[in-house]
Amino acid sequence: MILITGASSGLGAALAKQYGKESPICISGRNSERLQEVATDIGQACQTQVTDLSDADDVAALFDNLATVPSLIIHSAGSGYFGPIETQSPEAIKDLLNNNVTSAIFLLREAVKRYKDQSVTVVMVMSTAALVPKAEESTYCAAKWAVKALIESVRLELKNSPMKLIAVYPGGMATSFWPTSGKNANTDSFMSADEAAGMLKQALQSSEHGYISDLTIARG
């Protein structure tokens, strides 16, 4: 069983379609209609669950409803919000933090609580904004840096655990992320979600004695 969050669009949807061809899968997102469209595209039985990941009870229900213990969890949910700091709306900032930071904390908290003694791989998808500061992306960078700190701190708690925690930092992708972000970006040279999903899926293959723990997917 593979669980993918943020699967109603973008990278999450692309990952769901690639993994859904070969494994039982559960996909989660906030938009029921788009989530069902992705499930239909997968072309076989696919569990769907509409989830607000910033609600701890919703996150617990998501895990409660999984048919089996997931071998792989990919947290790809999130949102963007850009602009000069003085123009950013307080409500939009709160939404950004809920969608990126609170959701990551609650998702990881629930996964560790349930599976820390099992061989479960948890992949946390962030952004290169977690690595490099960018003008007019101040709160977005702050959110992603917070998630990076979360991952590195929880890794220390999992030092003697069979659970693996993988950090992924993708660069710009041409997805529906941008039209709602408030930033007018030219995405002509950006990766497609399918390209990024293919690279990530390939990198997640592990051997008996090793795996890639941190991955930056740079756009060329």
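The 14 residues that line the second largest pocket split into seven nonpolar, four polar and three charged (Ala, Val, Leu, Ile, Met, Phe, Trp, Tyr, Cys and Pro count as nonpolar, Asp, Glu, Lys and Arg as charged, and the others, Gly among them, as polar). L72, T121, L204, Q205 and S206 are the ones nearest the pocket's centre. Strand 6 (164-170) and helix 6 (193-203) are the elements that each give two or more residues to this lining; helices (H or I, at least four residues) and strands (E, at least two) are DSSP runs, numbered from the N terminus. The volume of the second largest pocket is about 200 Å³.

This is a predicted model, with local features needing pLDDT of at least 70 and side-chain atom pairs pLDDT 80 or more, while totals for chains, interfaces and linings use all residues. Residues are numbered from 1 along each chain as its sequence is written, and side-chain values use heavy atoms, leaving out hydrogens and water.

As for cavities, one of 30 Å³ or more turns up. On a 1 Å grid over the protein atoms alone, a cavity is a set of points where a 1.4 Å probe fits but cannot get out, and a pocket is an open set with protein on both sides within 12 Å along at least five of seven lines; lining residues have an atom within 4 Å of a point. A volume is the space filled by probe spheres set on the points, which are joined across faces, edges and corners. The largest cavity holds about 40 Å³, and its lining has six nonpolar, two polar and one charged residues, including H75, N100, M124 and K144.

On helix 2 (residues 32-42), L35, V38, A39 and I42 are buried, that is, under 20% relative accessible area (exposed is over 50%, partly exposed in between; 1.4 Å probe, protein chains only). These four sit on the same side of helix 2 because they cover an arc of only 100° around the axis, taken from the directions from the helix axis to the C-beta atoms. E33, T40 and D41 are exposed on the other side. The cover over the buried residues includes helix 1 (10-19), strand 2 (25-29) and strand 3 (47-50). At the N-terminal end, N31 caps helix 2, with a side-chain oxygen 3.1 Å from the backbone nitrogen of E33.

Strand 2 also contains S28, which is buried with a relative accessible area of 1%.

Key
Contact means heavy atoms within 4.5 Å. A polar contact is a pair of N or O atoms within 3.5 Å; within protein, one must be able to donate a hydrogen and the other to accept it, and residues adjacent in sequence count only if both atoms are side-chain atoms.
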